[in-house]
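This report walks through the strands, a pocket and the aromatic contacts of one protein model. Please keep the sequence and the structure in view while reading.

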Amino acid sequence: MPGGDWLWPALWMLPKHSVYGGWPRSGEIDIMEGRGNRALFNGNVQVGTEQTGSTLHFGPAWNVNGWPTAHSTFNQQPGFNENFHVYKFVWHPGYLQFWVDGNHVLTVDANDGFWARGGFWNSGFDNPWAGRPAVAPFDQEFYLILNLAVGGTAYFSDSWDNRNGGKPW
């Protein structure tokens, strides 16, 4: 994710219309996030081709993002670089669910809304979703994302071990 004073360009807004403002106020839905690295490990866990994840990004500002409360990963062998896979996304007014190959990856319940889910009360920001349905900002049309990353900084921890040597990029 962006850092410092870097601004997210309007072109990168993922809702069809940024109803609640810039990223992540209007949300982001990642049905699949994966790393295309065969030898990338976090301890004994292969976090490259054998892992996929699903994430919702939401929050009042780029540096106040509730994604850790709406993220999960799923590992399998052989990895996701082998064969074809079926990703399923269920979008319901009360929850969002993510599946891969019939395996449940994540359910995110709207419950009291995403402002409460992210714990943003003391963030210093106003709630951009006040007075809207509990599922806001995910109550609008979206372009959905299948994300395959092969390098970078935010999605590739320096503490991980690339068993092919060095950083994977």
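In strand E9 (145-149), Leu-146 is the bridge partner of Met-32. The model that shows this pairing is a predicted one. Strands E1 and E9 pair in the parallel sense, over 5 bridges. E1 also pairs with E4, here in the antiparallel sense and again over 5 bridges. Within that second pairing, Asp-30 has Thr-55 of E4 as its bridge partner.

Is strand E1 largely enclosed or not, and why? Of its 8 residues, 8 are buried, so E1 is largely enclosed by the rest of the structure. As a general point, side chains in a regular strand alternate between the two faces of the sheet.

Strand E1 (28-35) returns in the description of a pocket, where E1 and strand E4 (51-57) each supply at least two residues of the lining of the second largest pocket. The largest contribution to this lining comes from E1, with 3 residues. The volume of the second largest pocket is about 220 Å³. Its lining consists of 15 residues, and those nearest the centre are Met-32, Phe-80, Asn-81, Tyr-87 and Leu-148. Met-32 therefore appears twice in this account: as the bridge partner of Leu-146 and as one of the residues nearest the pocket centre. Sorted by class, the lining of the second largest pocket holds 9 polar, 5 nonpolar and 1 charged residues.

A separate open sheet is made of 3 strands in the order E3-E2-E10, with antiparallel pairing. Its edge strands are E3 (45-46) and E10 (161-162), each of which pairs on one side only. Strand E2 (residues 40-42) is joined to E3 by 2 bridges, and the two run antiparallel. Asn-42 stands opposite Val-45 of E3.

The aromatic side chains come next. How many aromatic pairs does a search of the whole structure find? The search finds 12. One of them is the pair of Phe-58 and Phe-138, which is edge-to-face, with 6.4 Å from centre to centre and 80° between the planes. Phe-58 lies in the loop between E4 and strand E5 (71-75), and Phe-138 in the loop between helix H1 (114-118) and strand E9, so the pair ties together parts that are 80 residues apart in sequence. Both Phe-58 and Phe-138 are buried.

Ring pairs join these two residues to others in a cluster that consists of Phe-58, Phe-89, Trp-91, Phe-98, Phe-114, Trp-115, Phe-120, Trp-129, Phe-138 and Phe-142. Phe-142, a member of this cluster, lies in the loop between H1 and E9. Is Phe-142 buried or exposed? Its relative accessible area is 11%, which is under the 20% limit, so Phe-142 counts as buried. Between the C-alpha atoms of Phe-142 and Val-86 the separation is 20 Å, and the two residues are 56 residues apart along the chain.

Two arginines lie over the faces of phenylalanine rings, as the table lists.

| Arginine | Ring | Distance from the ring centre |
|---|---|---|
| Arg-35 | Phe-156 | 5.8 Å |
| Arg-163 | Phe-41 | 3.7 Å |

Arg-35 belongs to the residue range of strand E1 (28-35), and Phe-41 to that of strand E2 (residues 40-42).

Conventions: Residues numbered from 1 in each chain as written. Predicted model: local features only at pLDDT ≥ 70, side-chain atom pairs only at ≥ 80, totals over all residues. Heavy atoms only, no water. Pairing = 2+ DSSP bridges. Helix = DSSP H or I, 4+ residues; strand = E, 2+ residues; numbered from the N terminus. 1 Å grid on protein atoms, 1.4 Å probe; cavity = no way out; pocket = protein on both sides within 12 Å on 5 of 7 lines; lining within 4 Å. Points joined across faces, edges and corners; volume = space filled by probe spheres on them. Nonpolar A, V, L, I, M, F, W, Y, C, P; charged D, E, K, R; others polar. Phe/Tyr/Trp six-rings, centres within 6.5 Å; stacked < 30°, edge-to-face > 60°. Buried < 20%, exposed > 50% of the residue type's maximum accessible area, 1.4 Å probe, protein only. Lys NZ or Arg CZ within 6 Å of the ring centre and 35° of its normal.
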